[in-house]
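Please read the following report alongside the sequence and the three-dimensional view. It is written for someone meeting this structure for the first time.

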Amino acid sequence: MSTMEKVLDQYSSKIYKNRKAHMVDVNNNETNNEIEANARAIPGIMTHRGCCYAGCKGVVLGPIKDALQIVHGPIGCSYYAWGTRRHKGKKEDGVDNYLQYCFSTDMQEADIVFGGEKKLKKSIEEAMKLFNPSTIMICSTCPIGLIGDDIHAIAKWAEEEYKIKCIAFSCEGYKGVSQSAGHHIANNQLMKFVIGEGDREIKDKFAINILGEYNIGGDGWEIERILKRIGYEIVSMFTGDSKIEDIKNAHKANLSLVQCHRSINYIAEMLETRLQMNLD
């Protein structure tokens, strides 16, 4: 009896069959079996595991409260990365909070055939008229990558037209077997277009970033409260209950604490090596 069979032998036949599909004995895998869950998500299929888009929009970008985020794709994708997560953000005077909203271009079949760039432009125009945000983020879903809409060109147009920050994220769901690729896309764009732009004055001796904390259920607030009480200045929470201004100043910290290693560890390294954090 193999090691895996010994582990599974205690279960009933029904559970045995289910668990077996999710286990591999790496020391005795002559048939090269793979764990059933380690399979690429099929574009258009909502899965518990998520996709590249879910990792980008749903995990990393979603908690940034003062960035108006437009999902360029079918309306179902917007719900998938908004209605199922518990992003929490405190109301602050003078700070926009868009966490309660869900913005989408609501691509239809005709838009897929003839292209959706005009529809995306119209959505940005409406957003500016209604909310006048200082930052807009555009996230694309599977159909957009397949038909080739140039969301980066639209983002550049919006910046020139409205004098705002507009960042595009090509995070089509089919790009990753899970959410991890989406984390990378979001983090790299934030590193390229946001982090390092701030000039905040650091007041306390111990200034830190908290990376990989997305304030699910408000846990980020408690972590922040405790750290402040023992003398730390929180420069940025990446990205739970965060503001663009916080993220701009992440390089000003003396230290980055990484909570979710899988989604963001390399940002800590990039802050230290590329932007030369305040290490004095």
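The report below goes through two sheets, the helices beside them, a pocket and two details of the backbone.

The model is a predicted one, and the description begins with a sheet whose strands carry low numbers. This open sheet has 4 strands, which pair in parallel and follow the order 2-1-3-4. Its edge strands are strand 2, covering 103–104, and strand 4, covering 165–169, and each of these pairs on one side only. Strand 3, made of residues 135–140, is joined to strand 4 in the parallel sense over 5 bridges, and I138 has A168 of strand 4 as its bridge partner. In general, strands of a sheet pair through backbone hydrogen bonds, either parallel or antiparallel.

Two helices lie against this sheet. Helix 8, residues 151–162, lies across strand 1 (68–72), strand 3 and strand 4, and runs at about 175 degrees to strand 4. Helix 9, residues 180–193, packs on the sheet as well, where it touches strand 3 and strand 4, and its direction makes about 150 degrees with that of strand 4.

Helix 8 also meets another helix. The axes of helix 6, residues 117–130, and helix 8 come within 11 Å and cross at roughly 35 degrees, and the crossing is right-handed. On the side of helix 6 the contact is made by E117, L120, K121, I124, E125 and M128, while helix 8 contributes I151, I154, W157, A158 and Y162. Sorted by class, this contact has 8 nonpolar residues, 3 charged residues and no polar ones.

The second sheet to consider is an open one of 3 strands, again with parallel pairing, in the order 6-5-7. Strand 6 and strand 7 (255–258) stand at its edges with a single partner strand each, so one side of each is left without a neighbour in the sheet. Neighbouring strands are turned by 25 degrees against each other on average, direction ignored. Strand 5, residues 206–213, pairs with strand 7 in the parallel sense over 4 bridges, and in strand 7 the bridge partner of I210 is L257. Helix 12, residues 261–273, packs on this sheet and touches strand 5, strand 6 and strand 7, with a direction that makes about 145 degrees with that of strand 5.

The angles between these helices and the strands are set side by side here.

| Helix | Strand | Angle between directions |
|---|---|---|
| Helix 8 (151–162) | Strand 4 | about 175 degrees |
| Helix 9 (180–193) | Strand 4 | about 150 degrees |
| Helix 12 (261–273) | Strand 5 | about 145 degrees |

What is the volume of the second largest pocket? The second largest pocket has a volume of about 240 Å³, and of the 15 residues that line it, E224, K228, D241, K243 and D246 are the closest to its centre. Helix 10 (219–229) and strand 6 (232–239) are the elements that give two or more residues to this lining, and strand 6 supplies the largest share, with 4 residues. By class, the lining of this pocket has 9 charged, 3 polar and 3 nonpolar residues.

Two details of the backbone remain. The peptide bond from F238 to T239 is cis, with omega near 10 degrees, and T239 has its place in strand 6. D106, which lies in the loop between strand 2 and helix 5 (109–114), has a phi near 50 degrees, a positive value in a residue other than glycine.

Technical notes: Residues are numbered from 1 along each chain as its sequence is written. This is a predicted model: local features need pLDDT of at least 70, side-chain atom pairs count only at pLDDT 80 or more; totals for chains, interfaces and linings use all residues. Side-chain values use heavy atoms; hydrogens and water are left out. Two strands pair if DSSP finds at least two bridges between them. Contact means heavy atoms within 4.5 Å. Axes are lines fitted to C-alpha atoms, for helices over the stretch in contact, and angles run from 0 to 180 degrees between N-to-C directions. A crossing is left-handed if the near helix is turned anticlockwise from the far one by less than a right angle, and right-handed if clockwise. Ala, Val, Leu, Ile, Met, Phe, Trp, Tyr, Cys and Pro count as nonpolar, Asp, Glu, Lys and Arg as charged, and the others, Gly among them, as polar. On a 1 Å grid over the protein atoms alone, a cavity is a set of points where a 1.4 Å probe fits but cannot get out, and a pocket is an open set with protein on both sides within 12 Å along at least five of seven lines; lining residues have an atom within 4 Å of a point. Grid points are joined across faces, edges and corners, and a volume is the space filled by probe spheres set on the points.
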